[in-house]
Amino acid sequence: MLKPEILAFLAVVKTGSFTRAAELTKTSKARVSQQVSSLEKTLGITLLHRSTRKVRLTEAGDSYY
């Protein structure tokens with residue numbers, strides 16, 4: 001089974017949104033953000049470029065995905 005942090009990352013990539021990822025994983029947007037940030041810290045890389053309107057993969061995030 002995949003770790004919750006990885007599942008959160010996959011949900012964000014699949015939906016393109018932290019809000020929709022939270023709905024998909026039945027958790028809060030804040031929790032999804034914390035999980036993705038935790039994964040990035042563990043890996044030592046930035047997986048996602050975040051802006052107020054858009055979430056997109058970094059090159060490293062694309063490779064990880």
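Leaving aside neighbours within four places in sequence, Glu40 is in contact with five residues: Ile45, Thr46, Leu47, Leu48 and Arg50. The model in which these contacts appear is a predicted one. Glu40 itself belongs to helix H3, a helix that spans residues 29-43. With a relative accessibility of 10%, Glu40 counts as buried, because the cut-off for that class is under 20% relative accessible area. One of the residues that Glu40 touches, Leu47, is also reached in a specific way: the side chain of Glu40 comes to the backbone nitrogen of Leu47 at 2.8 Å.

Two of these partners lead on to helix H4. Gly61 is found in H4, which covers residues 59-64. Leaving aside neighbours within four places in sequence, Gly61 is in contact with Phe9, Thr46 and Leu47. Thr46 and Leu47 also appear among the contacts of Glu40. The relative accessible area of Gly61 is 0%, and this residue is therefore buried. The C-alpha atoms of Gly61 and Leu48 are separated by 6.2 Å, although the two residues stand 13 residues apart along the chain.

Phe9, which Gly61 contacts, directs attention to helix H1. Two packed helices are described by the angle between their axes and the distance between the axes. For H1, residues 4-15, and H3, the axes come within 8 Å and cross at roughly 110°. Since angles of 65 to 115 degrees count as roughly perpendicular, H1 and H3 are therefore roughly perpendicular to each other. The crossing in which H1 passes H3 is left-handed. On the side of H1, the residues that meet H3 are Pro4, Glu5, Ile6, Ala8, Phe9 and Val12, and their counterparts in H3 are Val32, Gln35, Val36, Ser38 and Leu39. By class, the residues of this contact between H1 and H3 comprise eight nonpolar, two polar and one charged.

Gln35 offers a view of this contact from a single position. This residue lies in H3 and has a relative accessible area of 9%, so it is buried. Leaving aside neighbours within four places in sequence, Gln35 is in contact with Pro4, Glu5 and Ala8, and these three residues are among those of H1 that meet H3. The C-alpha atoms of Gln35 and Glu23, twelve residues apart along the chain, are separated by 15 Å.

Helix H3 also meets helix H2, residues 18-25. The axes of H2 and H3 come within 8 Å and cross at roughly 100°. These two helices are therefore roughly perpendicular to each other. H2 contributes Phe18, Thr19, Ala21, Ala22 and Thr25 to the contact, while H3 contributes Lys29, Val32, Ser33 and Val36. The contact of H2 with H3 has five nonpolar, three polar and one charged residues. Val32 and Val36 of H3 take part in the contact with H2 and in the contact with H1.

The loop between H2 and H3 contains Lys26. Most residues other than glycine have a negative phi. Lys26 is not a glycine, yet its phi is positive, at about 55°. Lys26 has a relative accessible area of 76% and is therefore exposed, whereas Glu40, Gln35 and Gly61 are buried.

Notes. Residues numbered from 1 in each chain as written. Predicted model: local features only at pLDDT ≥ 70, side-chain atom pairs only at ≥ 80, totals over all residues. Heavy atoms only, no water. Helix = DSSP H or I, 4+ residues; strand = E, 2+ residues; numbered from the N terminus. Buried < 20%, exposed > 50% of the residue type's maximum accessible area, 1.4 Å probe, protein only. Axes fitted to C-alpha atoms, helices over the stretch in contact; angles between N-to-C directions. Parallel < 35°, antiparallel > 145°, perpendicular 65-115°, else oblique. Left-handed = near helix turned anticlockwise from the far one by under 90°. Contact = heavy atoms within 4.5 Å. Nonpolar A, V, L, I, M, F, W, Y, C, P; charged D, E, K, R; others polar. Polar contact = N/O pair within 3.5 Å; in protein donor to acceptor, adjacent residues only side chain to side chain.
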